[in-house]
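Visitor: Could you take me on a close look at one part of this model, and then show me how the side chains around it and elsewhere are held together? I would be glad of a connected account with the cut-offs spelled out.

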Amino acid sequence: MLGWFLQKRKMGKDEVPLITRRTTRSSSATAISTKNNVVESTTSTNICSPSPIDLLYGGEPIDLDVLLSNFPGRHPQIRELLQILGPLNAPMLPVFVYGGPSTGKTGILLQLFRHLNRPFVYSSCRTCYSPRILFESVLNQLSYHQKNSTNGYSSVKRCEKPSDFVNFLREALVGIVKSLKENRRKSKSSKKLERSIDGNMVYLIFDKLELVKDWDKSSTILPLLFNLDSMLNIPEVGLIFISSTPPDTFYSSMGYIEPIPLYFPTYNEDDLRQILVRNQANPKLYSSFLDVVLRPFCRITRRLDELSAVFSPLFIEYCKPLNDLAIVPNEDLKRKLFSNLQPHISLFLNETFRVLSQSSLGAERTKDGEPRGSKSKVGTCEDSDELDFHMSTSAKYLLISAFLASRNPATLDASFFDSRGGSADGRKRRRKPSEMAKGQKEAEEQELLSKGPGSFPLERLLAIFQCITSVAEDSLGEEVQEEDSLEVEGQNNPLMSDVLLQLSTLCNANFIVKGGTCPLEGSTRYRSVVSEDLALKVAKSVKFPLAKYVYRR
Amino acid sequence: MVLQNYDVILFLCSKLKFIVSSSVTEACNNSVLLLGPRGTGKVAVLELVLEDLLLEYPDMITLSGGVVFQIRLNGLLHSDDNSALKEIARQLCVEHQLVFSKMASFDDNSEFMIAMLRECGLAHKTVVFVLDEFDLFTQGKQRLLYALLDAMQSVTSQAVFIGVSCRLDADQLLEKRVKSRFSHRKLLFLPPSEEEIYRLLDHVLSLPVDSNLPHDYAMEFNAKLHSMFSDERFRQIIDSFMNFSPTVRHLVKFLFRAVSDMDLKLSNLSFENFKSAISSLQRQPKMECLRDCSILELYILVCMKRLEVKEQNSYSFSAVMKEYKSIHDSFQTSDYYSQDVCLRAFEHILQRGLVCFADGRGRIQSTEFRPVKLLISFAELSQGLKAHHLCPAILQKLAA
């Protein structure tokens, strides 16, 4: 997919493609190419009357060889797709294209339609995230309607119900098929300078179908889509579904005749190597780099997007000792580069899925980049203990209290926080536990930890918060304070009103989630979902001794 | 037509035709249910019958068309009473070239429908109501069904009510008052038997001899086809197809796939076309998913399997991580990665449908603490591990 994407950018800059309605109407500078649109340079804006040409893929059609070479390792799938789509005007049964993410399904289909020069309607269920938007998007494309400021970004028809959708769709498709036949007759008589369309068929492509399963109305929408061909009963319409989950995940109580499945397996190592080497400035150097890193990283993931994301910084590391990036490495050099890279490989292996923050991307890095600390699934860096986002002090204390409330069982609160605010250090539990009791306690604690963060009511959170802020005031008492005088005043009343606001902020930022209400008490319960590392960082930034308060084995 | 060689279908065809035509000739109302598995030809037979009738009774052409016209509703689209009546009114308007108002209310539409039924009855025009996915109309209060059947009984109308459903017990779903107005006629459609399948194959695939294709080519093609039908391997393929799902629509799908695989240079259907068609239609998606997994993902699956074997009722991702660590400690594998990497790999297999959360949709918990379960059986897992080209031997041992 990457290779294809980059190839298109290169291609687009050379030629002047024909403007069709499918491309964005920017009459000035070159637009960046996306999957659907094509790079266009400044030309006269062709105010062409809407016609089925708008349903073609923008740009010049490509040869089959170009298509095959753009997608290495996909020859069998492309061949199978061509067989199912068939020769010109051959009717087809619906097709279900599935395979893992970033295996080239959408890319290949769109390029295939570019090669075949047949009109199609593409809608992705990610951008059309509700049935109404999906219906209206399909109908807009079929009526060559574009949302712009003149019509107030509205659709050509308002369509919410499936029954309306099928009626409008049938009308629109019959109209298009008729106009395709007329165009053919006309073009036979006159010499056309415009682009000609091949065939009388129109194809509907529904992408990202797996997202429909999470919609509210999925139990009606999915059978509707799968039964669409028998409902419409128009032989000139072909339906293609693309999904990243296999067809058996779509089974429901409502049946349908299954579409023809077409499987895109994830790339194997040779294909990955071929794809990653494309569009590299120095293919031989990159290939020797891949010799070293591809196999170990393929043990973690075989997805192309994740591998390319982790290889780009690693390649920069690899090339560090080289002065000239264009040299072709010989065996000696390869060994040297490998030994230089070795320690970094294991480091990068454990951070394969890390999302780098903007500041560390692109710029030369002297140490490993700062992680985004918000979600626990992102890897944390061993070097840096700094928070890279800003929080007010009261919010930090609130976060720490929430973490403690979730982490410690409620019955031990009295032992951790005594009324004077100091850490009681569990004086009551000083007696030495016996071996068996210790083992039992450990097992219980482990079980508590593995159950996940507990929920707590608002009162407990506020109680802990008051406790630790009074501790903080005592410890800060000697220092000179010029900062926000709010919490150091020693009066808690102004602090309390802020706390509730801060709490809702933290909830919105997903540090604390709201659980269900307890039916007896009637108050909502909260749960903290930050990882221990983040809590430690936050505590460190306010110099709070978190370790003393956490219930540990 | 595909179905003309199909004896049972002929019988059903004639029965249905009798029902509808009796309503035309004797000016009475009738109702019937067409039941049968999906793809056995219910709607196809209906279309045939209606076409035939249109040819048979052209003499009573009134101002707005033929004697028989149909109103089609679909349970997927029109199960809501309001939209169903609106659709009926719209189709009536289209048929009689009236102007349809989108603003009409439910009562307006139902009055309009009853009035039209009366008029059609007086003009001796038969209205055929076809309700696809009939079982979906029986959800809720069945107001529409009652209104239709009641109108047919009380008003001087000439209507046939045909319900088409894949549920064989669709008539049990009717309410008492609807049931009493419904004649309990059911026509049962069954999938074809083996010899009928062969007859269908012959009919569909043979080239017509008197078309614009060259005569010699057509004869040669048909001869090759017939010799293939008696081939043992071909019969095995048809057997496996019959075990899978032998309805007519599936057969058409299978043949479409075989024909699209045809090599145009050879210009003949060969045995390989059918073989590749059957293998492309009978897939094992979970096996394919397993073959696509990376090694870390396989580790996680094996850990989950071991936890399930130990009969832990509900375990979460953190328990899986503990198992993973214990495997690493005892076997010193080289594949030990950090928690975050494993969590992401776990999310991948969640997406692919190999594992899922055991607590449904409700809970608001992070991924690590929700109970999870495997969606593949242990046998599938070990089969998939064997088929994986890079699976380390230790994993296969652990999964055994």
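Guide: Here is a walk that starts from one strand and then moves on to rings, charges and a histidine.

A word on conventions: this is a predicted model, in which local features need pLDDT of at least 70, side-chain atom pairs count only at pLDDT 80 or more, and totals for chains, interfaces and linings use all residues. Residues are numbered from 1 along each chain as its sequence is written, chains are lettered from A and ligands numbered from 1 in the order in which they are written, and side-chain values use heavy atoms, with hydrogens and water left out.

Let us begin with strand β4 of chain B, residues 159-165. Helices (H or I, at least four residues) and strands (E, at least two) are DSSP runs here, numbered from the N terminus. Seven of the seven residues of β4(B) are buried, where buried means under 20% relative accessible area, exposed over 50%, and partly exposed in between, with a 1.4 Å probe and protein chains only. In a regular strand the side chains alternate between the two faces of the sheet. In β4(B), A159(B), F161(B), G163(B) and S165(B) point one way, while V160(B), I162(B) and V164(B) point the other way. Both sets are buried.

Now for the neighbours of β4(B). Two strands pair if DSSP finds at least two bridges between them. Strand β1 of chain B (residues 30-35) pairs with β4(B) in the parallel sense over six bridges, and N30(B) stands opposite V160(B). Strand β3 of chain B (residues 126-132) also runs parallel to β4(B), joined to it by five bridges; there F129(B) has F161(B) as its bridge partner.

Strand β3 of chain B leads us on to a salt bridge, meaning a side-chain nitrogen of Lys or Arg within 4 Å of a carboxyl oxygen of Asp or Glu. D132(B) forms one with R72(B), the closest N and O atoms being 3.0 Å apart. This pair links distant parts of the chain, with D132(B) in strand β3 of chain B and R72(B) in strand β2 (residues 68-74) of chain B, 60 residues apart. D132(B) is buried, with a relative accessible area of 13%, whereas R72(B), at 24%, counts as partly exposed. Elsewhere in chain B, the side chains of R233(B) and D231(B) meet in a salt bridge of 3.5 Å, N to O. Both ends of that bridge count as partly exposed: R233(B) has a relative accessible area of 44% and D231(B) one of 25%. Over all chains, the whole structure holds 31 salt bridges.

Chain B also has charges over rings, a term that needs NZ of Lys or CZ of Arg within 6 Å of the ring centre and within 35 degrees of the ring normal. The charged end of R143(B) sits over the ring of F106(B), 4.3 Å from its centre, and that of R235(B) over the ring of Y198(B), 4.4 Å from its centre.

Rings can pair with each other too. Rings of Phe, Tyr and Trp (its six-membered ring) pair if their centres lie within 6.5 Å; planes under 30 degrees apart count as stacked, over 60 as edge-to-face and the rest as tilted. There are 31 aromatic pairs over all chains. One of them is the stacked pair of F206(A) and F241(A), 5.9 Å centre to centre with 20 degrees between the planes. F206(A) lies in strand β3 (residues 202-207) of chain A and F241(A) in strand β4 (residues 237-243) of chain A, so the pair ties together parts that are 35 residues apart in sequence. F206(A) is buried at 1% relative accessibility, and F241(A) is buried at 0%. Ring pairs link F206(A) and F241(A) into a cluster whose members include Y98(A) and F250(A).

The last stop is H348(B), in helix α17 (residues 339-352) of chain B. H348(B) is buried, with a relative accessible area of 4%. Leaving aside neighbours within four places in sequence, H348(B) is in contact (heavy atoms within 4.5 Å) with T301(A), R303(A), E306(A), F353(A) and E297(B). On the chain A side, R303(A), D305(A) and E306(A) are linked in a network of salt bridges.
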